[in-house]
Amino acid sequence: MVAEQGQREDFPAIRLKLQQVLEYVNNFLSAMAQKSEATQQTYKRTLREFLYFFTRDRRFFFRPRDVVRYRTYLVRIKRLKPASVATYMTALRRFCQFLVDQGVLVRNPARRVPGARRPQQHSRTFLTAAEIERLLASLEPSTLVDLRDRALVLMMLGCACSERELAVLDVADIRKQGRHWVVYVQGKGRKAKDEAIPIPPKVYEALQEYLKARGEVAPKEPLFLSHSPRSRGQRMSTRGIREVVNARLRESGIKGDRRLCLTPFSLRHTAGLLLAEGGASVEEIMQRMRIR
């Protein structure tokens, strides 16, 4: 590691070989072992992109100007959306802080560099009753994938489940409590599936139709399986669920009718509004939405 002459003392140019950076990335990921599987996968994916940039750039010396160049690459070359750029920049920022803690860097060069500017129009909009009906009508269960996607959408609308919560569900997480069925979810920041969410009858019916179509399933199997060529038969990832729901929103036609952006989170937001319209108290809504 050599500091170039003429550079500011607070951010000297740090020359690292690729093998050194790879070792530090692996150590950083090992330090993230206590995080959720989804969080670990996000760090792996985003830092993999950084490593690719590092090898191509050949002049990334861990200075703010280098971090800005990486952000420009994400925006102009990769053409990532602002929210994705923010995720990649957060990963780099935390990796750089890890290098500071390890004594490799003097200061965090990414701390001063913000992520991409987010759009002014907020994506957390909701669906109207007519749009919900239109979306569900487009999900007529004619194939196993249709049955899965219908169950996914209804779990978001009826149980206010997020993509991450759905991705970690197993068949055994659907349980009967008294006369009703519930799903045990792992809420944000939780390490266990310890929150029981009531399943509306229509949602439970869709789940049962999907599981019946799959044939014999074991309790420990993932509740939602991927059908993409690369991961067929495996657990759906958070990203995979997001892509499926976005595709269904487009195919239903409702996404093209909106000036504001509809996203999978819009379904969860809609679930909260449906609860309010149904007469639920603020406390009940906060509990069902896992808002703390």
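**Exercise 1. Determine in which helix of the protein chain confidence is lowest and in which helix confidence is highest.**

Solution. In this predicted model, the mean pLDDT falls to its lowest value, 70, in helix α11 (residues 282–288), whereas helix α8 (residues 201–214) has the highest, at 95. As a second step, these values can be set beside the protein chain as a whole, which averages a pLDDT of 86, with 91% of the residues scoring at least 70. The third step turns to residues 1–9, over which pLDDT stays under 50, although the model has 17 contacts for this stretch beyond four places in sequence. Where pLDDT is low, predicted coordinates should not be read in detail.

**Exercise 2. Work out the strand order of the open sheet, and explain why β1 and β3 each have one side without a neighbour.**

Solution. The order of the three strands is β1-β2-β3, and they pair in antiparallel fashion. Because β1 (174–177) and β3 (195–198) stand at the edges and have a single partner strand each, one side of each lacks a neighbour in the sheet. With direction ignored, neighbouring strands of this sheet are turned against each other by 45 degrees on average. Turning to the pairing of β2 (residues 180–185) with β3, one finds that four bridges join these antiparallel strands, and that V185 stands opposite E195 in β3.

**Exercise 3. State how the protein chain is divided into domains, and what distance separates the centres of domain 1 and domain 2.**

Solution. Domain 1 covers 18–102, and domain 2 covers 129–288. Taken over C-alpha atoms, the centres of domain 1 and domain 2 are separated by 31 Å.

Definitions and conventions
Residues numbered from 1 in each chain as written. Predicted model: local features only at pLDDT ≥ 70, side-chain atom pairs only at ≥ 80, totals over all residues. Heavy atoms only, no water. Domains from an automatic or database assignment. Pairing = 2+ DSSP bridges. Helix = DSSP H or I, 4+ residues; strand = E, 2+ residues; numbered from the N terminus. Axes fitted to C-alpha atoms, helices over the stretch in contact; angles between N-to-C directions. pLDDT = per-residue confidence, 0-100. Contact = heavy atoms within 4.5 Å.
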